[in-house]
Amino acid sequence: MTECKRQMKASEIPAFVDEVIGAGCNITAVGHDRYVLGDIEEQDRAKDELDRITGKYGNRDPLKLQLVAYLWSIGRFIDLETEGTRH
């Protein structure tokens with residue numbers, strides 16, 4: 001079953017991040033090309049709210065790099081290069 005979801009707009013990224021944080025999840029960029037909504041326990045506790053947020057904003061996959069860049073701009077990131085995990 002394929003769902004027809006709306007596409008998230010780039011202008012919605014700050015509000016999306018604010019809502020995820022408000023749901024109790026530590027949304028964080030991981031390196032320069034990935035992000036996580038939070039750890040597993042946070043996501044489990046906020047499942048219903050995250051489902052609501054996802055439904056509201058729709059598909060964010062095409063904006064992944066913009067979302068990551070926004071997280072970096074507000075200081076919510078883990079720099080893998082300084083963690084010594086990149087070669």
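This is a short chat about the sheet, the core and the aromatic pairs of a predicted model.

Visitor: Start with the sheet. What is the strand order?
Guide: The order is 2-1-3. The sheet is open, has 3 strands, and its pairing is mixed.

Visitor: Which strands stand at the edges?
Guide: Strand 2 (34–36) and strand 3 (77–78). Each has a single partner strand, so one side of each is left without a neighbour in the sheet.

Visitor: How do strand 1 and strand 2 pair, parallel or antiparallel?
Guide: Antiparallel, over 3 bridges. Strand 1 covers residues 28–30.

Visitor: And what stands opposite Thr28?
Guide: Val36, in strand 2.

Visitor: Which helix lies across those strands?
Guide: Helix 4, residues 64–73. It lies across strand 1, strand 2 and strand 3. Its direction is at about 70 degrees to strand 2.

Visitor: Which residues of helix 4 are buried?
Guide: Leu67, Val68 and Leu71. Seen down the helix axis, they fall within an arc of 100 degrees, so they line one face of helix 4.

Visitor: What covers them?
Guide: The cover includes helix 1, strand 1, strand 2 and strand 3.

Visitor: What about the face turned away?
Guide: That face of helix 4 carries the exposed residues Leu65 and Ser73.

Visitor: What comes just after helix 4?
Guide: Gly75 does, with a positive phi of about 80 degrees.

Visitor: Now the core. How many residues are in the largest nonpolar one?
Guide: It has 19 residues. Phe16, Val20, Ile27 and Leu67 have the most contacts inside it.

Visitor: Which elements give two or more residues to this core?
Guide: Helix 1 (13–22), helix 3 (47–57) and helix 4. Helix 1 gives the most, with 4 residues.

Visitor: Ile27 is on your list. What does Ile27 touch?
Guide: Residues up to four places away in sequence are not counted here. Among its contacts are Phe16, Val17, Val20 and Ile21. Ile27 also touches Tyr35, Val36 and Leu37. Leu67, Leu71 and Arg76 complete the set.

Visitor: Switching to rings. How many aromatic pairs are there?
Guide: The count comes to 2. One of the pairs is Phe16 with Tyr57.

Visitor: Why is the Phe16 and Tyr57 pair called edge-to-face?
Guide: The planes of the two rings stand at 85 degrees, and over 60 counts as edge-to-face. The ring centres are 5.6 Å apart.

Visitor: Where do the two residues sit in the chain?
Guide: Phe16 is in helix 1 and Tyr57 is in helix 3, 41 residues apart. The pair links distant parts of the chain.

Visitor: Are they buried or exposed?
Guide: Phe16 is buried, with a relative accessible area of 1%. Tyr57 counts as buried too, at 4% relative accessibility.

Visitor: And what is the geometry of the Trp72 and Phe77 pair?
Guide: It is stacked. The centres are 3.8 Å apart, with 5 degrees between the planes.

Visitor: Where is Phe77 found?
Guide: In strand 3.

Visitor: Why does Phe77 count as partly exposed?
Guide: Because its relative accessibility is 33%, and partly exposed runs between the 20% and 50% limits.

Visitor: What is Phe77 in contact with?
Guide: Thr28, Ala29, Leu71 and Trp72, leaving aside neighbours within four places in sequence.

Visitor: Last one. How far apart are Phe77 and His32?
Guide: They are 45 residues apart in sequence. In space the distance is 8.7 Å, C-alpha to C-alpha.

Key
Residues numbered from 1 in each chain as written. Predicted model: local features only at pLDDT ≥ 70, side-chain atom pairs only at ≥ 80, totals over all residues. Heavy atoms only, no water. Pairing = 2+ DSSP bridges. Contact = heavy atoms within 4.5 Å. Axes fitted to C-alpha atoms, helices over the stretch in contact; angles between N-to-C directions. Core = buried A, V, L, I, M, F, W, Y, C linked by side-chain atoms within 4.5 Å. Buried < 20%, exposed > 50% of the residue type's maximum accessible area, 1.4 Å probe, protein only. Arc of directions from axis to C-beta. Phe/Tyr/Trp six-rings, centres within 6.5 Å; stacked < 30°, edge-to-face > 60°.
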